[in-house]
Structure formats: C-alpha cells, structure tokens
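User: I am new to this structure and would like a close look at a single part of it. Please describe the sheet on which you would concentrate, together with what surrounds it.

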Amino acid sequence: LIELDRAHLIHPVSSYRSHEATGVRVLKSAKGATLTDVSGRQLLDGFAGLWCVNAGYGQDSIVEAATRQLRELPYATGYFGLGSDPAIRLAARLAELAPGDLNHVYFTLGGSDAVDSTIRFIRYYYHAKRTPQKDRFISVESGYHGSSTAGSGLTALPAFHTGFGVPYNWQHKIPSHYAYRNPVGSHPQAIIAASVAALHAKIAELGADRVAAFYVEPIQGSGGVLVPPPSWLKAMHAVCKEHDILFVADEVITGFGRVGPFFACEEDDVMPDLMTTAKGLTSGYVPMGAVLMSDRVYNTIADGAGKTAVGHGYTYSAHPVSAAVGLACLDLYENGLLDNGRKAGHRLMQGLRALADHPLVGDIRGRGMLAAIELVTDKERKTPLPAEADAARRIFDRAWDNGLVIRAFAQGVLGYAPPLCCTDADIDGIIERTRMTLDQTLQ
Ligand code: PMP
C-alpha cells in the first residue's frame with residue numbers, strides 16, 4: 001500500500017514527496033473516537049478526521065439510514081423539478097434549526113463548493129437588484145474558506161495562494177482578531193475596536209457601493225483555532241448592516257455542535273444573510289455541504305430569475321443517501337450528542353488548561369470541542385517554534401507514536417476537535433497523550 005500510495009495517490013494539502021520516510025499510514029476501522037490502523041494499532045482521534053466526524057465512528061443509526069436509502073433510491077437529481085424524501089426533509093429540518101430566517105437550503109458536496117456557490121448566488125443577487133457593481137468580497141486574514149478556484153481567494157492563508165498564480169483582485173482582507181500576538185494587545189475591547197475600524201476602512205477604500213459581502217468564520221479553524229472576543233462577531237455584523245453588505249457566516253467547522261450549540265452564530269446572537277455548512281452535517285460518513293439562505297436573498301434571486309433558470313447546480317446536489325445520513329446525524333445530535341459534546345468540551349478545555357505550566361505551552365484557546373494550544377520556545381517572549389515545516393510534522397509523528405491523532409499546524413499550534421461522542425476516558429487519554437508528546441518534544 002505504501003508503494004502504491006507513493007506512486008499513484010495525490011494527497012490533499014501535502015508537501016509532495018516529503019513523506020518518503022514514514023510513508024502513508026493506512027487506517028482500517030474505527031469505533032467511537034478510536035481508530036485502528038492496518039497493523040491493528042489503536043489511536044484516539046483527537047481531530048474527528050478533519051474536524052468532521054462529529055457523531056463519532058460506527059454509529060449504527062447512520063449506517064442503517066444510509067443502507068436503507070441505498071437500497072430504496074440511491075440517486076435522485078434535483079434538476080427538472082425532481083427531488084427525494086430525505087433531501088426535502090433535511091432542508092426543512094435545517095431551516096428550522098438555523099438562526100433567523102435562513103429558510104432556504106442549497107445542498108453541495110462539501111464546504112468548498114458551498115462557499116463557491118455563495119459567491120455565485122451573491123453575484124446573482126446583486127444582478128437581480130440591478131447593482132452588479134457590487135463585486136468586491138472581504139474576508140479576514142488567516143481565515144479559511146475552502147480550496148475552490150474562487151473560494152480559495154477568500155481563504156487568507158498564504159499556502160493556498162503561493163504558486164497558483166490565480167488572480168484574486170476582487171477579494172480583500174482585513175487583519176485577524178488573533179489575540180495572542182495582536183499589535184493592539186490582547187484586550188477584547190481593543191481587538192473589537194481595531195477590527196471594526198479595519199472593516200470600516202476597507203469598505204471606505206473599496207467604496208460601500210462596490211462591496212458585495214463579508215465572509216467570516218465565527219471561530220477561525222485552519223488559521224490555528226482563533227477565537228474572537230465575545231461580541232466581536234456581532235460588532236462585525238453591525239458594520240455590514242450599516243453599509244448594506246451581505247454577511248456570510250462560514251460554519252463549516254463550527255456548525256453541528258462543534259462549539260456547543262447547533263451553530264456558533266446562535267451563541268453570538270448574529271443572524272447571517274447566508275451560512276455555509278458541511279462536515280458535521282453528515283459527520284464525514286458521506287460527503288455533503290449546505291448553503292443556508294435568508295428570505296431576503298432567496299426571494300431576490302428567485303424574483304430576478306424570472307423565466308430563466310439560475311444556472312448553478314451539481315449532479316450530486318441534494319444526494320438522497322447523504323441527506324438520509326444528515327437526518328440520522330441530526331437525530332443523534334438532538335438526542336444527547338450535543339449535550340455530551342458540551343460536557344466533553346468542558347473537560348477538554350479544563351484538561352488543556354492544566355497544561356498551562358508546561359514550558360512549551362504559550363497559549364490555550366478554544367470553545368466547546370474546538371481547541372488549540374500554541375507552542376513556544378520562550379513563554380515570556382512568545383517565541384514561536386522554529387518555522388521549518390518539519391517541526392509540525394515531527395510533533396504529529398510523536399503524537400501518532402503515542403496513540404493520538406491531532407492536527408499540528410505549521411506555526412506550532414496543536415489543534416483539537418474530537419468527536420462529540422467522546423467519553424471522559426477518551427478526553428483524559430487525549431490530554432495525557434498530549435502531555436507525553438510535549439515532554440518528548442522538550443527532550
Ligand atoms: N470553510 C471552512 C471554514 C473550512 O474549515 C473548510 C474545510 N476545512 C471549508 C470551508 C472547505 O470545506 P471542504 O474541505 O469540505 O471543501
């Protein structure tokens with residue numbers, strides 16, 4: 001398998017040819033929060049796959065829902081006015097769960113194409129409103145909004161731009177709210193004031209009549225789990241409202257109980273105009289994403305469409321098997337899993353905070369079952385780990401050897417997003433194996 005992998009399988013976001021030493025690690029099976037590899041070794045999954053297996057592995061009700069749907073109707077297009085029972089029901093359930101008037105659901109295959117779809121819908125919206133000059137998009141530094149050709153322009157992590165040469169002259173960034181090393185200091189009010197001023201300034205620079213939308217993750221994930229201060233999101237939303245700019249909440253990671261409630265926006269009391277979701281929607285069992293659209297945006301697009309079709313769609317939009325899995329996931333979330341996630345998230349944060357005295361630990365942050373610790377070589381000076389790409393890789397390898405899968409970001413940040421089904425023993429195991437890994441890193 002290792003040889004075949006090297007020869008033929010291109011991995012996403014990898015340093016091509018840099019994994020020659022270890023070779024691919026092949027997973028075989030999983031149950032709850034425990035993975036088993038092909039050699040029979042067991043590991044705790046502290047990252048729920050790629051922050052997506054919120055329900056945990058081996059949930060019978062999900063497997064049964066998928067199997068039933070595969071037998072009954074494995075495929076139905078949403079084209080030609082056709083549909084399927086699970087897709088319609090899932091759309092209705094999501095509309096009911098989502099904050100505000102996000103009553104209209106467009107299904108995609110994952111998060112990147114959900115983001116991409118919003119860009120197209122927003123452009124269509126402004127054309128329908130006869131303000132097509134609104135073609136500028138703003139996002140936040142170190143934000144991640146997928147890898148599609150358009151959406152990757154909203155992503156503000158250099159690795160996703162370097163070497164591609166795609167022109168992104170319609171996408172603009174404001175500085176991040178990153179509290180640990182913020183030039184304005186770490187005081188919440190100072191960070192909020194700086195972000196509000198930066199967004200106002202960016203809108204003034206581009207012209208309010210040119211700005212279409214502001215994209216934001218309620219908590220930045222791939223940027224290193226950056227949690228904004230309370231009320232930050234609401235303050236940014238207020239700026240957008242003031243200038244009549246659409247507010248898009250990218251809840252691909254933060255949705256479906258990852259940070260406590262169904263959606264992070266609920267906690268921040270923000271009603272976005274559009275929301276993107278994926279990951280926990282189907283818990284990684286099958287691919288699916290969803291764009292949730294407000295009445296205002298939907299009605300404008302629908303009216304604008306008149307007698308012509310809105311030319312946007314995928315063969316696998318609203319896939320019935322994915323929708324059946326989505327419904328089974330929602331049932332699990334509503335029947336105890338979100339509650340368990342909140343409890344386990346509390347234990348996770350407590351466990352990580354207990355590592356504060358470790359000489360390598362500079363910052364500990366998170367909300368619910370989404371957390372990170374940032375490693376430094378000098379706590380006083382907040383000196384980052386050496387930037388060479390291998391530092392993160394070595395920590396990942398050590399954690400793996402200790403029976404733990406976590407994400408090691410290049411900048412020396414360890415990311416945590418365990419399945420919401422974690423038991424106390426799972427969480428304690430994740431913390432203990434982290435401590436072991438840190439101690440070995442010191443040596
Ligand atoms: N938006 C956010 C906030 C994400 O974290 C991700 C994936 N990590 C995406 C979009 C893209 O989703 P996908 O990988 O399913 O295309």
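Analyst: A residue is called buried if 20 or more other C-beta atoms, placed from the backbone, lie within 10 Å of its own, exposed if 12 or fewer do, and partly exposed in between. The model is predicted, so local features are reported only at pLDDT of at least 70 and side-chain atom pairs only at pLDDT 80 or more, while totals for chains, interfaces and linings use all residues. Residues are numbered from 1 along each chain as its sequence is written.

S283 offers a point of entry. This residue is placed in the loop between β9 and β10; strands (E, at least two residues) and helices (H or I, at least four) are DSSP runs numbered from the N terminus. With 29 C-beta neighbours inside 10 Å, S283 counts as buried. Its phi is positive, about 55°, although S283 is not a glycine. Most residues other than glycine have a negative phi.

The strands on either side of that loop belong to an open sheet of 7 strands, ordered β4-β10-β9-β8-β7-β5-β6 with mixed pairing; two strands pair if DSSP finds at least two bridges between them. At the edges stand β4 (102-108) and β6 (171-174), and each has a single partner strand, so one side of each is left without a neighbour in the sheet. From one strand to the next, the twist averages 20°. Within the sheet, β7 (residues 211-216) and β8 (residues 246-250) are joined by 4 bridges and run parallel. F214 has F247 of β8 as its bridge partner.

Helices pack on this sheet. Helix α4 (residues 85-97) lies across β4 and β10 (289-294), and its direction makes about 135° with that of β4; such angles run from 0 to 180 degrees between N-to-C directions, with axes fitted to C-alpha atoms, for helices over the stretch in contact. Helix α10 (residues 295-305) also packs on the sheet, where it touches β4, β9 (274-277) and β10, at about 90° to β10. Contact here requires C-beta atoms, placed from the backbone, to lie within 7 Å.

Helix α8 (residues 232-242) shows two kinds of surface. Its buried residues are W232, L233, M236, H237 and C240. Seen down the axis of α8, these fall within an arc of 135°, so they line one face of the helix; the arc is that of the directions from the helix axis to the C-beta atoms. The cover over these residues includes the strands β7 and β8, as well as α7 (188-206) and α9 (264-268). On the face turned away from the buried side, K241 and E242 are exposed. After α8 comes D244, which has a positive phi, near 55°.

The wider setting can be given briefly. The protein chain is divided into domain 1 (2-58 + 336-442) and domain 2 (60-332), with bounds from an automatic or database domain assignment. Their centres, taken over C-alpha atoms, are 26 Å apart. Contact between the domains involves 29 residues of domain 1 and 21 of domain 2. On the side of domain 1 that touches domain 2, at least two residues come from each of α2 (48-51), α11 (320-353), β11 (361-367), β12 (370-378) and β16 (413-416). Helix α2 includes W51, a residue other than glycine whose phi is positive, near 45°. W51 is buried, having 24 other C-beta atoms within 10 Å.

Note on methods:
Two residues are in contact if their C-beta atoms, placed from the backbone, lie within 7 Å.
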